[in-house]
Protein chains: 2
Amino acid sequence: MKFKIKKKYLLRGIQAVSNAISPRPVIPILSGMKIDVMQSKIILTGSSSDITIQSHIQSNINGEEIISEISSGSIVLPVPHFPEIIKKLPKEFVEIKIEENFKTIIKSGEAVFTLFGQSSDEYPQIEINKNEEQQLFIKGNDLKTLIRQTVFAVSPMESRPILTGVNVTVENSLLTFTATDSHRLALRSVTLDSEDIEMDNIVIPGESLQELNKIIDGNEEIIQISVMNNQVLFYTDNIYFLSRLLSGNYPDTSRLIPNDSKTSLHISTKDLINTIERAALLSSRDQNNVIRLDTVDNNSIEISSYSPEIGNVQEKLEVISIQGEELKISFSSKYMLETLKSIESESVQIDFTGPMRPFIIKTPEDENILQLILPVRTF
Amino acid sequence: MKFKIKKKYLLRGIQAVSNAISPRPVIPILSGMKIDVMQSKIILTGSSSDITIQSHIQSNINGEEIISEISSGSIVLPVPHFPEIIKKLPKEFVEIKIEENFKTIIKSGEAVFTLFGQSSDEYPQIEINKNEEQQLFIKGNDLKTLIRQTVFAVSPMESRPILTGVNVTVENSLLTFTATDSHRLALRSVTLDSEDIEMDNIVIPGESLQELNKIIDGNEEIIQISVMNNQVLFYTDNIYFLSRLLSGNYPDTSRLIPNDSKTSLHISTKDLINTIERAALLSSRDQNNVIRLDTVDNNSIEISSYSPEIGNVQEKLEVISIQGEELKISFSSKYMLETLKSIESESVQIDFTGPMRPFIIKTPEDENILQLILPVRTF
């Protein structure tokens with residue numbers, strides 16, 4: 001095995017694939033990165049028990065020679081040493097070749113590294129198959145929005161494993177991500193371009209989606225999603241991201257969402273974030289960072305909180321409009337801030353149905369987002 | 001007690017003083033920040049068992065009214081709550097006043113905070129006296145250089161407490177900082193403007209100097225240094241920094257420094273840093289990150305390292321000049337990188353007196369810096 005490559009392309013691939021590699025995997029060889037060298041491209045693979053990431057680097061990109069002096073073969077190289085070495089190489093090009101006993105020579109300028117590699121025969125066979133029947137297409141920036149506006153609401157606790165994942169459904173060309181930890185719910189949909197799409201409901205581990213979010217670009221490039229054998233594959237021409245799915249039935253969350261509203265608040269997102277951040281400074285951590293919201297009159301609310309040892313805070317805040325009944329309600333400032341910061345809209349609409357019922361945060365311009373928070377009983 | 005102040009001045013003072021406050025001090029009230037309000041200024045104080053920092057904010061700065069509506073008094077407010085609140089206030093001005101039972105009201109725009117303060121009578125009396133007889137003057141940027149080029153070499157171990165400090169001496173208008181952990185030594189001098197300066201030798205804890213370095217500006221402003229009662233005071237018009245001193249005799253380090261040189265190397269600092277950083281990737285952590293330097297010919301050296309499980313690296317490096325005997329020597333890459341990164345010179349001069357003797361790193365243009373590293377025996 002031998003090849004010469006432009007360092008920046010190799011480095012980009014290595015950085016994507018590194019996200020899948022954990023320092024102490026169940027199978028020891030998975031602590032390394034696999035390199036497969038072919039005439040037309042090289043493939044880098046990193047894998048953990050939950051996800052596998054592959055980066056494909058083509059020898060020729062738009063007529064530019066990226067890889068040359070190719071002789072086929074494979075090797076598994078140690079992480080983090082291999083990525084760290086490539087990052088610090090002195091020159092634009094690097095030559096990599098295998099000698100006897102999987103010793104791998106990495107050369108760039110005057111720097112010559114020898115790394116003790118392992119046989120790729122020891123590396124588990126990972127099948128990356130596309131299922132043409134369970135397949136859909138989505139823009140990178142839309143997929144990032146779906147992840148960012150839902151994944152923070154998954155449960156961190158293993159007591160109900162299915163809630164550590166994000167529920168993904170397709171219905172009438174609408175792709176919907178839903179996450180809940182049973183105290184709050186985050187739901188986001190995107191309309192797909194093609195019609196007649198069929199895909200089984202799946203539940204993807206929240207941690208897998210967080211890793212996926214790191215390696216996809218937030219642009220218009222199309223990402224394909226394909227489901228098979230209890231796994232989901234996200235891929236472009238260069239990157240393949242495979243995650244296991246969670247098994248079990250995701251709870252029916254639709255009945256949590258109230259249909260009526262007794263008090264409706266329209267407010268600047270930024271003003272509300274700033275005021276709640278101030279109130280959160282004195283919300284007691286023991287009490288789940290609870291803060292209180294009171295309607296004051298037709299165009300203002302008061303946000304307050306209280307920490308028995310430290311002190312208290314009140315702040316009156318002008319809103320765009322309030323409609324309906326007076327309201328006093330308490331909720332977690334942490335949940336509210338995570339929700340508001342995931343929303344990109346300048347203003348939000350909050351619909352309450354009384355101090356003990358879940359309330360909904362939406363944006364005026366976009367029907368495809370719905371966030372729900374359960375209040376906290378304090379009085 | 002009552003005052004109204006421009007937030008940015010209060011915030012700057014709070015941030016400097018916060019560096020002295022530890023979350024779990026021996027005396028509980030030292031977890032708070034003391035505020036003394038006078039007609040002409042307010043004084044903020046933070047203190048730990050090692051250091052005390054005071055920030056003085058004048059009511060009037062260059063004719064601009066910074067503080068108004070002043071009524072004198074003092075209070076101790078909880079940290080980190082008080083700094084966090086000031087940082088997040090919505091408006092340019094903030095009003096602070098004490099009500100009954102040390103309840104402190106902090107108001108800015110519509111935000112109203114109440115903090116439970118403590119009586120300043122409980123706060124230890126900290127005497128900040130200037131000793132006019134043991135006093136010297138130094139520019140802020142010179143003081144920062146003295147600290148930065150020495151403090152990294154203090155010992156992290158309490159086994160010889162005196163080595164956890166930096167030795168400070170004045171002789172013939174030359175102010176010298178020396179630090180050693182007995183494996184390496186860092187020495188830096190600055191010529192003082194005034195003559196006939198007398199000051200006792202003192203040893204300042206390395207941690208105190210690291211905190212001091214955070215709060216002094218690297219400009220031409222003069223900082224006064226004054227020694228008394230086993231304490232050292234660094235001060236300007238606005239900031240007072242008081243540290244305890246270490247007691248005991250600092251070892252005589254002058255006999256460590258070799259006078260002769262058998263091999264002398266002149267080399268680009270940046271090239272050497274980059275090459276050693278690459279070699280350090282494969283230096284074994286168990287073996288104290290040791291790397292090896294061999295002279296090759298009249299204008300090049302080879303840097304190499306070896307990790308039994310991972311692999312090895314060699315790199316040939318051109319130098320500006322080599323004079324004297326051939327050399328093979330091994331040393332800690334960590335010590336060498338810390339030394340080279342503290343030096344601002346484009347090139348360094350390294351003087352060796354054989355593979356088992358300490359070697360010296362100097363800069364061609366500045367006699368006032370001397371760094372010494374003990375080699376490691378590997379062959």
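**Notes on the A/B contact and the core**

1. Strand β11 of chain A (residues 111-116) runs antiparallel to β23(B), and the two pair over five bridges. For one register point, look at A:Val112, whose bridge partner in β23(B) is B:Gln314. Keep in mind that this is a predicted model.

2. On the contact as a whole: chain B puts in 26 residues and chain A puts in 26 residues. On the chain B side, at least two residues each come from α2 (81-88), β11 (111-116), α5 (269-280) and β23 (311-318). The top contributor there is β23(B), with seven residues. Sorted by class, that side of chain B has 13 nonpolar, six polar and seven charged residues.

3. Now the interior. The largest nonpolar core holds 185 residues. Its best-connected members, by contacts inside the core, are Met33, Val166 and Phe241 of chain A, along with B:Met33, B:Val166 and B:Phe241. As background, nonpolar side chains in soluble globular proteins tend to be buried together.

4. A:Phe241 is worth a click. Leaving out residues up to four places away in sequence, A:Phe241 touches A:Ile51, A:Ile53, A:Leu212, A:Ile215, A:Phe234 and A:Tyr235.

5. One of those neighbours, A:Leu212, also turns up among the buried residues of helix α4 of chain A (residues 206-215). The others buried in that helix are A:Gly206, A:Ser208 and A:Leu209. Viewed down the axis of α4(A), the buried residues sit within an arc of 155°, so they line one face of the helix.

Methods: Residues numbered from 1 in each chain as written. Chains lettered and ligands numbered in written order. Predicted model: local features only at pLDDT ≥ 70, side-chain atom pairs only at ≥ 80, totals over all residues. Contact = placed C-beta atoms within 7 Å. Helix = DSSP H or I, 4+ residues; strand = E, 2+ residues; numbered from the N terminus. Nonpolar A, V, L, I, M, F, W, Y, C, P; charged D, E, K, R; others polar. Pairing = 2+ DSSP bridges. Core = buried A, V, L, I, M, F, W, Y, C linked by C-beta atoms within 7 Å. Buried ≥ 20, exposed ≤ 12 C-beta atoms within 10 Å, placed from the backbone. Arc of directions from axis to C-beta.
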